[in-house]
Amino acid sequence: MAWLAIITAGLCEVFGVTMMNRWQNEKKFSMIVWLIVSFALSLALLSYAMNSVPMSTAYAVWTGLGASGGALIGMIFFGESKNWKRILFITMILVSAVGLKLIS
């Protein structure tokens, strides 16, 4: 259950970052509300997961999912660069997160 919480927390982080990016363009109040709710939920789920997963592992996986997910959303929906080097390093982040899960 803790790993499901970490994955969901990472997805909430990605959603919050997406709302932050949209806020830069549209300035709608609803985006600020979604941003706050998603980051609050993300931190609450991370806190719950850290009850049974070591902090160093939980935080590394959470940030890895958030960083790589945010980069992928940027490439897919916001026209950011799809340079193969970016994709390589994003893949390395995801592989590292999975590796941490496997050894913990």
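Helices H1 and H2 are roughly antiparallel to each other, a term that applies here to angles over 145 degrees, with under 35 degrees counting as roughly parallel, 65 to 115 as roughly perpendicular and the rest as oblique. Before I go on, please keep in mind that this is a predicted model, in which local features need pLDDT of at least 70 and side-chain atom pairs count only at pLDDT 80 or more, while totals for chains, interfaces and linings use all residues. Residues are numbered from 1 along each chain as its sequence is written, and side-chain values use heavy atoms, with hydrogens and water left out.

Returning to that first pair, H1 covers residues 2–26 and H2 covers residues 29–49, and the two pack at an angle of about 160° with their axes 8 Å apart. The axes are lines fitted to C-alpha atoms, for helices over the stretch in contact, and the angles run from 0 to 180 degrees between N-to-C directions. H1 passes H2 in a left-handed crossing, and by class their contact has 21 nonpolar, four polar and three charged residues.

Which aromatic pairs does the structure hold? A search of the whole structure finds two aromatic pairs, where ring centres must lie within 6.5 Å, and planes under 30 degrees apart count as stacked, over 60 as edge-to-face and the rest as tilted. One of them is formed by Phe15 and Trp34, which are edge-to-face at 5.9 Å centre to centre, with 85° between the planes. This pair links distant parts of the chain, since Phe15 lies in helix H1 and Trp34 in helix H2, 19 residues apart.

Between H1 and H2 there is a loop in which Lys27 is found, and the phi of Lys27 is near 55°, a positive value in a residue other than glycine. For context, most residues other than glycine have a negative phi.

Moving along the chain, the axes of H2 and H3 come within 10 Å and cross at roughly 150°, which makes H2 roughly antiparallel to H3. H2 passes H3 in a right-handed crossing.

The axes of H3, residues 55–77, and H4 come within 9 Å and cross at roughly 150°, and that makes H3 roughly antiparallel to H4. H3 passes H4 in a left-handed crossing.

Finally, Asn83 caps the N-terminal end of H4, with a side-chain oxygen 2.7 Å from the backbone nitrogen of Lys85.

Key: Helices (H or I, at least four residues) and strands (E, at least two) are DSSP runs, numbered from the N terminus. A crossing is left-handed if the near helix is turned anticlockwise from the far one by less than a right angle, and right-handed if clockwise. Ala, Val, Leu, Ile, Met, Phe, Trp, Tyr, Cys and Pro count as nonpolar, Asp, Glu, Lys and Arg as charged, and the others, Gly among them, as polar. A polar contact is a pair of N or O atoms within 3.5 Å; within protein, one must be able to donate a hydrogen and the other to accept it, and residues adjacent in sequence count only if both atoms are side-chain atoms. Rings of Phe, Tyr and Trp (its six-membered ring) pair if their centres lie within 6.5 Å; planes under 30 degrees apart count as stacked, over 60 as edge-to-face and the rest as tilted.
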